[in-house]
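Work through the following exercises with the sequence and the model open beside you. Each one sets a task and then solves it step by step.

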Amino acid sequence: MNEAPENVRLIGGEMLLWSDSSHTSGVTDWRGVALELVRRLLPIETDKAAWADDEAGAGEGTRCHERARAGEQAWDDGVARAGEWPWGGERARVLLVGPHPRGLVDEVVARASSVAVLLRSYPDACALAERHPGIAVHCGRLAALPAEETYDLVLALDGLRRTHSAEEVAPPWRESLGMLAARVAPGGRFVLSVSNDLGIDRFVEARPADRAGADEHWEPHGFDQGYPDGSGALDEELAAAGLVPERCYAAYPGRGAPRALLARELLGPDLPDALTVPLSARGGDRMLVADPLRLTRLVFRHGLGEQLAPVWVATATRPPIATTAPTATRPSVAPVVVGLPLGLVEEGHAVHEVTRSTTRQLPDGVERAIPGGRVVEEVLVEACAREDVRAVRDLLAALGGWVEMGGDAAADNLVWDGERFAAIHPMPVQPDRPADRVVLCRVLWRFAVRLLAAGHHHPWPWPRQAEQLALTLCGMAGRPCDQADLDLARKLDAELGQPAELSEAAPTYRDLLGARDRLADQLTAALARVSRLETKLTYRERELLRARGRLRKSQRKSAAYRRTLGYRLSRRLARPRKVARRVLRLLSG
């Protein structure tokens, strides 16, 4: 074992050879939405320093002012009023519990003045300590963390499963929560991520969860009665630990890589379909049992977005210590949730803040109303399922007209309210826009790929490939296309990123079922042929046995005939005649 850096402290229960940062460990891959949430939770120190340097005219004022832009909206909304710190006038102290992505750790270190990290993996602790020499890294189990130290912000976005060693019996989840909640200082905040055992990703993924072989399956928490079974139960556990729940987010599309956070106030049956599209899983290299996009929309349409969320992210506070003379500016109860957003959705490399009726791209985007209507792909799928060719033709004709007016969006990125189309996320303006028929062919080809990949029914039995179906749909739209237009459309789709072509190494569960059915049919036909051949072979064997019996009977009769006196005399009398014939042939030459 190599010598540990000076800022690494071994507290007991450390795992000397294990690493939680490997790609097979199942650590949650938080990116844009988590970084934005951290910026909302830690805007004070960075923003206050930026404003002070800008006013003083320091040399670093410009740089700090740029760093403060992300928190400017929180400043205006009243997260920090009259230069007041939420931690009671002190600088923020942050505790990171468990492994977190490198970008998130770097963001916390850049914003907070004092950072401590708890990791059970010794190699991970040494690597983090070398990358950030100014932070305190505690290596070991949660129970051994010094109890006298409290923090203004405790982040546990990887949950509580990786806070104990594999060499000991894992404490109950409720006990781990109590130990971690005790580290929250009065007036501080606590952010916790909890995986949902009945999340929608459990229904989409065909493989069992324990097939991943991650370390969290050493001791399944399904036997832990204290593990929360819903966001309401999570609030109760936080309250029992002495914290005041602030806001609970539903994280989508999956627990491995959440890309959206929606507060429970936004979730309901009236959630626009334009928001459910980015919240669905795209498949990737997973084995799917159902179309994730359609299943996610059904979940939100029935108001089950909160109950079936793959992950819950809860924020809570510890009430400040009550004083003898409380003032209006410093209440003794939990502060009002002002800086926390209602929703955050990551699309590509951009993060959008979601309100009840609008979205705004961060950090300084313009608010845009959430378009109403149904997703065009869903409308087409339903029309194809009931073989309503007329409805498909009318919608495709209207789509062709919209494209000719300059519109461009994929069918799963487009909503239709019965009169007009609206892109959920507008496409970037192309300086050299191709012909309208090529754009329409690209849209319909993407739809054909997704339709066939998901195994949906369509009323055209002859197209077996997505290319053939795309050309058929273009003809129904009244804008016929040929193979050259289709090739240009596929090239355009590849240039725009995220091509619709599915990888051969990523079969869906329906593909496996189809392959199994085809093999079952072939096996049935082969078994039937084998059965017929076995029947014929049995018949031929019986015929052969009868023929052999007749042959043996004939041989016995022939042997008995050769032993008779007449046969022997005839053979002896016939012998001189044969000799005479041979002599005559020799003499006649």
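**Exercise 1. Find the bridge partner of glutamate 353 in β12, and describe the strands around this pair.**

Solution. The partner of glutamate 353 in β12 is arginine 360. Before going further, note that this is a predicted model, in which local features need pLDDT of at least 70 and side-chain atom pairs count only at pLDDT 80 or more, while totals for chains, interfaces and linings use all residues. Residues are numbered from 1 along each chain as its sequence is written, and side-chain values use heavy atoms, with hydrogens and water left out.

Next, consider the strands, which are DSSP runs of E with at least two residues, just as helices are runs of H or I with at least four, both numbered from the N terminus; two strands pair if DSSP finds at least two bridges between them. Strand β11 (residues 350–354) pairs with strand β12 (residues 358–361) in the antiparallel sense over three bridges, and the two form a hairpin with three residues between them.

Finally, follow β12 onward: three bridges join β12 to strand β13 (residues 367–369), again in antiparallel fashion, with threonine 359 facing arginine 368 of β13 as its bridge partner. Five residues lie between β12 and β13 in their hairpin.

**Exercise 2. Determine which residue forms a salt bridge with glutamate 353, and what this pair ties together.**

Solution. A salt bridge is a side-chain nitrogen of Lys or Arg within 4 Å of a carboxyl oxygen of Asp or Glu. Glutamate 353 forms one with arginine 40, where the closest N and O atoms are 2.9 Å apart. Because glutamate 353 lies in strand β11 and arginine 40 in helix α1, the pair ties together parts that are 313 residues apart in sequence. Both residues are buried, a word that stands for under 20% relative accessible area, whereas exposed means over 50% and partly exposed lies in between (1.4 Å probe, protein chains only).

The pair also belongs to a network of salt bridges that links Glu36, Arg39, Arg40, Glu107, Arg111, Glu353 and Arg360.

**Exercise 3. Name the buried residues of helix α5, and work out how they are placed around its axis.**

Solution. In helix α5 (residues 102–111), the buried residues are Leu104, Val105, Glu107, Val108 and Arg111. Seen down the axis of α5, these residues fall within an arc of 160 degrees, so they line one face of the helix; the arc is that of the directions from the helix axis to the C-beta atoms. The general background is that an α-helix has 3.6 residues a turn, so residues three or four places apart point the same way. Two of the buried residues, Glu107 and Arg111, are also members of the salt-bridge network.

**Exercise 4. Count the disulfides, and explain why cysteine 126 and cysteine 481 are without such a bond.**

Solution. A disulfide is a pair of cysteine sulfur atoms within 2.5 Å, and by this rule the count comes to zero. For cysteine 126, the closest cysteine sulfur, in cysteine 139, is 7.1 Å away, which is too far for a bond. For cysteine 481, the closest cysteine sulfur belongs to cysteine 474 at 3.8 Å, again too far for a bond. As for their surroundings, cysteine 126 counts as buried at 10% relative accessibility, and cysteine 481 is buried with a relative accessible area of 14%.
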